[in-house]
Every structure is written in C-alpha cells, then in structure tokens.
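Me: I would like a close look at one loop residue and at what lies beyond it in the fold. Please take it slowly and give the cut-offs as you go.
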Amino acid sequence: MAESEELQQLAAQLRKPEGAKGLEIGDMMNATNIGMTKHAIAQMNLQDHERVLELGHGNCKHLQHLLSQADNLEYHGLEMSELMHQEAKQYNRAFTDGLQAHFHFYNGQKNPFPDQYFDKMFTVNTIYFWQDPLQVLAELHRVLKPGGLLCISFAMENFMKQLPFTRFGFELYDAEKVKQLIEMSLFSFSHTTRQTETIMGKTGDRMEREFATVTALK
C-alpha cells in the first residue's frame, strides 16, 4: 500500500473509527488526548447537578474523571462513529445503568436534544472535521441554556501541520481562527487558555504539542 493511501486511511479512522483498526485508534486517541480532555473538563468548572454534553467522545474512558468533578452530574455524549458509540456504552455500563450517562449516535448535523437542555458542553479534537462549523455551533447554541458555556479544545495548527495525515480532510486552526469563528456564530467569545504537553508519537518518539481551549458563552 502506498504511503499516501495509508495516511488517508489513518485520517479517515481518526475522523470516524471503524472495524478492528478503529478499536485500536480509539484507544490511541484516548491515551494521547487525555491531557487535553482533562484540561477542557477543568475549564468548564462543573457544579453539582449540571447536565453536560460532549461532542465526539470516542470510547469515553475519561467519563469517570468527569463525573468525579461534582455531585449528581448528568452526562450526554454525541458520536458519529457507531463503533465508538457502542464501545463507550459498553465501557461505561455502570454509569449508563445508573442513568448518570447517556450516549447518542448521530449524523454530525442536527442533534437530538430539546432547546436549552444543557448547562455546559465541550469537545476535544473534533473541530478539524466540522463540515459546516457555523451550523455545528448553531445546534450547540440551541441546546445550551442561557448563561451556559462551550469549551472547544484543539491542537494548534503549527503542531498539526507537522503530521502528514492532516492534509487529508483536516481543517487546521489556531486560537485566533477559532475566536473569529465563535464571533461569527451566536455565541460570545469568553477567553482562550493554552498549554503545552509532551505526548508519544506513533513511532514511539516524544513530541511537544501545544493546544488551546476556547471558551464561548451563551
């Protein structure tokens, strides 16, 4: 298989994991993104009894950490990958049985929730794949309560463009570009926080990754 074809397949799996390879990709994404995920969760400053939405949760092995941030939280996850949807439900069965967590499979466009349903929402490393970012933001705005917030975490463009697979279907962002996107939407821009972390690359080498979390308000 040509290198370009392998990179295209990897990019497709990162967008929407499928099959046996998708399970491996799901675990890899959870491991490499956990620092970003915990950062986004911290930025939400979760309070008791809040209802939280995550867009693109993957296998959601971070759910226990999220639910430990406050008492009586209610989590909902939206996922385009049927494989990750099923994996998340299976891994978190104790939380779904206890009605603390609910997983929803959707088409990446209109979400299934009523207006003003959530207190807080977040997403990690999904913005690269939004085909119509303003439509995605409009739907998130619709289901967020007034005064609620959205946290968008993403690896910065300067880092992402070093990765050869990102030329296949990725829209890369820096913090200013996401701020401008927020300002074009129904949300109000609040602030940006940046952090640099060390991660393991796919070849086993250590890499410095800068990422940002942009917070928007309704």
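Where is the place of His-49?

Reply: The model is predicted, so local features need pLDDT of at least 70 and side-chain atom pairs count only at pLDDT 80 or more, whereas totals for chains, interfaces and linings use all residues. Residues are numbered from 1 along each chain as its sequence is written, and side-chain values use heavy atoms, with hydrogens and water left out.

His-49 is in the loop between α2 (19-44) and β1, where helices (H or I, at least four residues) and strands (E, at least two) are DSSP runs numbered from the N terminus. His-49 has a positive phi of about 70° although it is not a glycine, and with a relative accessible area of 57% it is exposed (exposed means over 50%, buried under 20%, and partly exposed in between, with a 1.4 Å probe and protein chains only). Asn-125, in the loop between β4 and α6, also has a positive phi, near 55°, but Asn-125 is buried, at 13% relative accessible area. For context, most residues other than glycine have a negative phi.

The strand that follows the loop of His-49, β1, spans 51-55. The charged end of Arg-51 sits over the ring of Tyr-117, 3.9 Å from its centre (for this, NZ of Lys or CZ of Arg must be within 6 Å of the ring centre and within 35 degrees of the ring normal). Tyr-117 leads on to the aromatic pairs: rings of Phe, Tyr and Trp (its six-membered ring) pair if their centres lie within 6.5 Å, and planes under 30 degrees apart count as stacked, over 60 as edge-to-face and the rest as tilted. By this rule there are eight aromatic pairs. One of them joins Tyr-117 and Phe-118 edge-to-face, at 5.0 Å centre to centre and with 90° between the planes. Phe-118 is buried, because its relative accessibility is 0%. Another pair is Tyr-128 with Phe-129, whose centres are 6.0 Å apart and whose planes stand at 85°, so this pair is edge-to-face as well. Tyr-128 is buried at 3%, and Phe-129 is buried at 14%. Ring pairs link these two residues with Phe-165 and Phe-170 into a cluster.

β1 also takes part in the nonpolar core, a core being a set of buried Ala, Val, Leu, Ile, Met, Phe, Trp, Tyr and Cys residues joined through side-chain atoms within 4.5 Å. The largest such core has 38 residues, and Ile-127 and Phe-154 have the most contacts inside it. Elements giving two or more residues to this core include β1, β4 (118-124), β5 and α8, and β5 gives the most, with five residues. Not counting residues up to four places away in sequence, Ile-127 touches Ile-152, Phe-154, Tyr-173, Val-178 and Leu-181 (contact means heavy atoms within 4.5 Å). Apart from this core lies another of 22 residues, among them Ala-40, Leu-67, Phe-95 and Phe-103.

Two of the residues that Ile-127 touches, Val-178 and Leu-181, belong to helix α8 (residues 175-184), where they are buried together with Ala-175 and Ile-182. Seen down the axis, the buried residues of α8 fall within an arc of 120°, so they line one face of the helix (the arc is that of the directions from the helix axis to the C-beta atoms). These buried residues pack against α6 (133-143), β5 (144-155), β6 (188-200) and β7 (206-217).
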